Amino acid sequence: MTDPTALPRHIYGIIGSPVSHSLSPLLHNTGFRRIGHPGVYFAWEIPTGVTARFFMAVHTLGIDGASVTIPHKEAALALADDATERARRIGAANTLIRQDDRILADNTDVDGFLLPLRNVPLGPGSTVLLLGAGGAARAVAVGLQERNVGTVVITSRSGETAPRLAEEFGFTACPWQDRGDVVPDLIVNTTPLGMTGAGVADTPYPADFMAGRQAIVYDTVYTPLRTRLIREAAAAGLATITGLDMFLGQGDRQFHLWTGRNLPEEAVRAVVRALYGPDDPDAAAYPWPPAGA
């Protein structure tokens with residue numbers, strides 16, 4: 001006979017479209033089992049335009065928390081009963097937390113971005129080159145403000161988005177073709193260039209630009225683990241941070257918000273094995289928590 005105390009008593013999940021590729025269920029369900037948390041985490045395919053119906057289900061079914069991905073991040077922020085200051089500044093929510101009968105919207109992408117930078121001396125004298133000006137770049141921009149970085153230069157392939165984001169955050173914009181003229185301490189890629197798929201051979205920052213640089217190169221792309229940007233930066237002798245750090249960092253913060261505990265290493269290892277296979281030497285050596293640059 002099944003022990004009723006062992007049955008899930010808390011419901012979580014991720015909403016988005018598409019979500020079939022998401023590794024968040026593997027990450028969180030493995031974590032729940034490891035710490036003995038009586039919860040279960042689902043993947044919910046929610047089409048564009050029906051986010052409000054999901055919020056009705058949150059209240060009706062007593063859903064305790066949710067991760068939010070494209071295309072629902074902005075709508076989730078608007079529909080929540082309350083929101084953190086971070087989520088408001090970013091203009092999007094990637095996390096929902098039940099607080100009694102109210103739903104709080106948060107955004108843990110900032111935590112994910114900052115985690116591997118915790119030992120990096122960024123401050124008023126530092127310069128950051130931010131590649132891209134989309135949703136991920138907004139979370140990075142908030143994180144850089146929180147670290148009180150002195151100079152942030154934003155550039156994007158679209159000629160319009162970077163100046164708008166720079167004006168909003170009090171940063172500087174530069175044309176995409178001039179990004180090699182910036183001398184940064186940290187380079188952050190938030191574009192999809194280099195991601196597994198048609199653009200896997202691309203890079204947002206050619207190797208020629210790295211000559212003589214002392215910058216840290218941070219790629220928010222995590223499939224593959226070592227993008228062309230990361231490989232070429234390492235070959236040039238630059239310190240590197242992979243996108244897996246940010247993905248796991250934001251998931252760790254979500255896990256903590258829902259359970260009061262940090263992600264156990266077993267959950268991290270499950271995701272690393274699923275992404276890269278048990279025989280990948282980089283995956284086998286992946287540190288958790290990330291050591292940082």
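I looked up Y12 in this predicted model and found that its bridge partner in strand 2 is Y41. I then counted the bridges around that pair: 7 of them join strand 1, residues 10-16, to strand 2. The two strands run parallel.

Next I checked what packs on these strands. Helix 2, residues 51-61, packs on the sheet and touches strand 1, strand 2, strand 3, strand 5 (95-99) and strand 6 (102-106). I read the angle between the directions of helix 2 and strand 5 as about 35 degrees. Helix 1, residues 24-35, lies across strand 1, strand 2 and strand 3 (65-68). Against strand 2, helix 1 runs at about 170 degrees.

I traced the whole sheet after that. It is open, has 6 strands in the order 2-1-3-5-6-4, and its pairing is mixed. At its edges I noted strand 2 (39-45) and strand 4 (82-83), each of which pairs on one side only.

Second sheet. I found an open sheet of 6 strands with parallel pairing, in the order 9-8-7-10-11-12. Strand 9 (172-173) and strand 12 (239-241) each have a single partner strand, so one side of each is left without a neighbour in the sheet.

I went into this sheet at I187, which stands opposite V217 in strand 11. Strand 10, residues 186-189, is joined to strand 11, residues 216-219, by 4 bridges, and the two run parallel.

Last entry: which strands does helix 8 lie across? I listed strand 10, strand 11 and strand 12 for helix 8, residues 228-235. Its angle to strand 11 is about 165 degrees.

Technical notes. Residues are numbered from 1 along each chain as its sequence is written. This is a predicted model: local features need pLDDT of at least 70, side-chain atom pairs count only at pLDDT 80 or more; totals for chains, interfaces and linings use all residues. Side-chain values use heavy atoms; hydrogens and water are left out. Two strands pair if DSSP finds at least two bridges between them. Contact means heavy atoms within 4.5 Å. Axes are lines fitted to C-alpha atoms, for helices over the stretch in contact, and angles run from 0 to 180 degrees between N-to-C directions.
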